Amino acid sequence: DTIKNKSPSVLCKKKFSFDIARIIAISMVVVIHANVSFIQSTEGLLFKIGTHITGSMTICVPLFFMVSGALLLNLEQSASLRNLFEYRVKKIFVPFFIWSVIYLLTRMILGKVERSIGTFFSIIKEPAYYQFWFIYTLLAIYLLLPFLYRVAKHCSETLIKYALSIWILFSMIIPMTERYFESFSICEHFNLNFLEGYLGYFLLGYYLYTYKRNVSKRYCILAIIIGLLGTHLGIIIEQELLQFPLDSQYIYAAYLTPFVMLTASGILCLLFKIDTLYIAEKKKIYIEKLSKMTMGVFYIHMLVLMGIEYTGLLDSNSLVGVGIKVTGTIVISFFASYIISKCPVLNKLLI
């Protein structure tokens, strides 16, 4: 049975796993961004450890898109153009615009960008800070949401699996093949890589939640193991066998690989099992509150990292320093997001 035949109460009961997925994902985002300076400033064994740490965290972006797809493509309001522009796009765009201005002002003060009006208009062309690419892609997917909802509700499982197969081929297999075999390429006019490939994760989240929610734990764990092994083996091949320099290494920081897809799918399906467990309501409330702060953490954490790195108090070449940086950034960002959430006006504008 598809979700459209389920009552709203069933959907509500299933949100706890999504709350946990968001918290895990945003924590991994912080790890990746805190690890950037470590990777760039180290060499040898420490450098390799840094890339493997980042490689293990790359499921964060897929998890965010998959959770959004699972929820929104099962939400009847997603079919409404009015709801899309009056609520959903507005809810994303307003904080995104304000935070973009905040980041540009911060970078101006630090002398990282030119101090001019033209700098503010640059957000039309490029993100105010590199992690904001996610919002551009999310907004693009949202613009397609009413159409995607109708498609999802009228497609059979077979057709959705076919669409996902096309996505895997054109967004993962072909790009990886072209990267490692220079003589292999397909015609640029025969391109089915929509929205940089992230639309596929959106649809995959819906597919897993609708059709694979009850898949066994054994298969979930197997997918996670195969995915992680593939990622780490790929990193080793690039570094040891192919000896790629940092700017040419791909696997350790890629979100669109079959290995990352397998790992993220296994983890999300495993989290679905949590919904069948008894968990005290008090704990659920805390998890739900933390989940609501994840977008705030997304916007705030890079400012915290910039501040920590600007002071130079932590050694960029130390794994311990990275650990302290990650822990401090997560705690400070969640606390700041909590403070913002307590002010209705700021909460509406910034989160």
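A residue counts as buried when its relative accessible area is under 20%, as exposed when that value is over 50%, and as partly exposed in between. Keep those cut-offs in mind as we walk through this predicted model.

Start with isoleucine 49, which sits in helix α3. Its relative accessibility comes out at 30%, so isoleucine 49 lands in the partly exposed class. It also belongs to a nonpolar patch on the surface, together with Leu45, Leu46 and Leu319, and the four share about 320 Å² of accessible area. Helix α3, covering residues 44–57, is the biggest giver here, supplying 3 residues of the patch.

Helix α3 turns up again when we look at helix α11. That helix runs over residues 217–241, and its 25 residues at 1.5 Å each should span 36 Å; the end C-alpha atoms lie 35 Å apart, so the two values agree. Plenty of α11 is tucked away: its buried residues include Cys220, Ala223, Ile224, Gly227, Gly230 and Thr231, and further along Gly234, Ile235, Glu238 and Gln239. Why the recurring steps of three or four? An α-helix has 3.6 residues a turn, so residues three or four places apart point the same way. Among the elements covering α11's buried residues are α3, α9 (157–180) and α12 (258–272). After α11 comes glutamine 243, with a positive phi near 55°.

Last stop: lysine 325, in helix α15 (residues 319–341). Is this lysine buried or exposed? Its relative accessibility is 4%, so lysine 325 counts as buried. Leaving aside residues up to four places away in sequence, lysine 325 touches Ala34, Ser37, Leu305, Ile308, Glu309 and Leu314.

Terms used. Residues numbered from 1 in each chain as written. Predicted model: local features only at pLDDT ≥ 70, side-chain atom pairs only at ≥ 80, totals over all residues. Heavy atoms only, no water. Patch = residues over 30% accessible without salt bridge, like charges linked within 9 Å, V, L, I, M, F, W, Y side chains within 5 Å. Areas by Shrake-Rupley, 256 points an atom, 1.4 Å probe, with all protein chains shown as cover. Salt bridge = Lys/Arg side-chain N within 4 Å of Asp/Glu carboxyl O. Helix = DSSP H or I, 4+ residues; strand = E, 2+ residues; numbered from the N terminus. Buried < 20%, exposed > 50% of the residue type's maximum accessible area, 1.4 Å probe, protein only. Expected span 1.5 Å × (residues − 1). Contact = heavy atoms within 4.5 Å.
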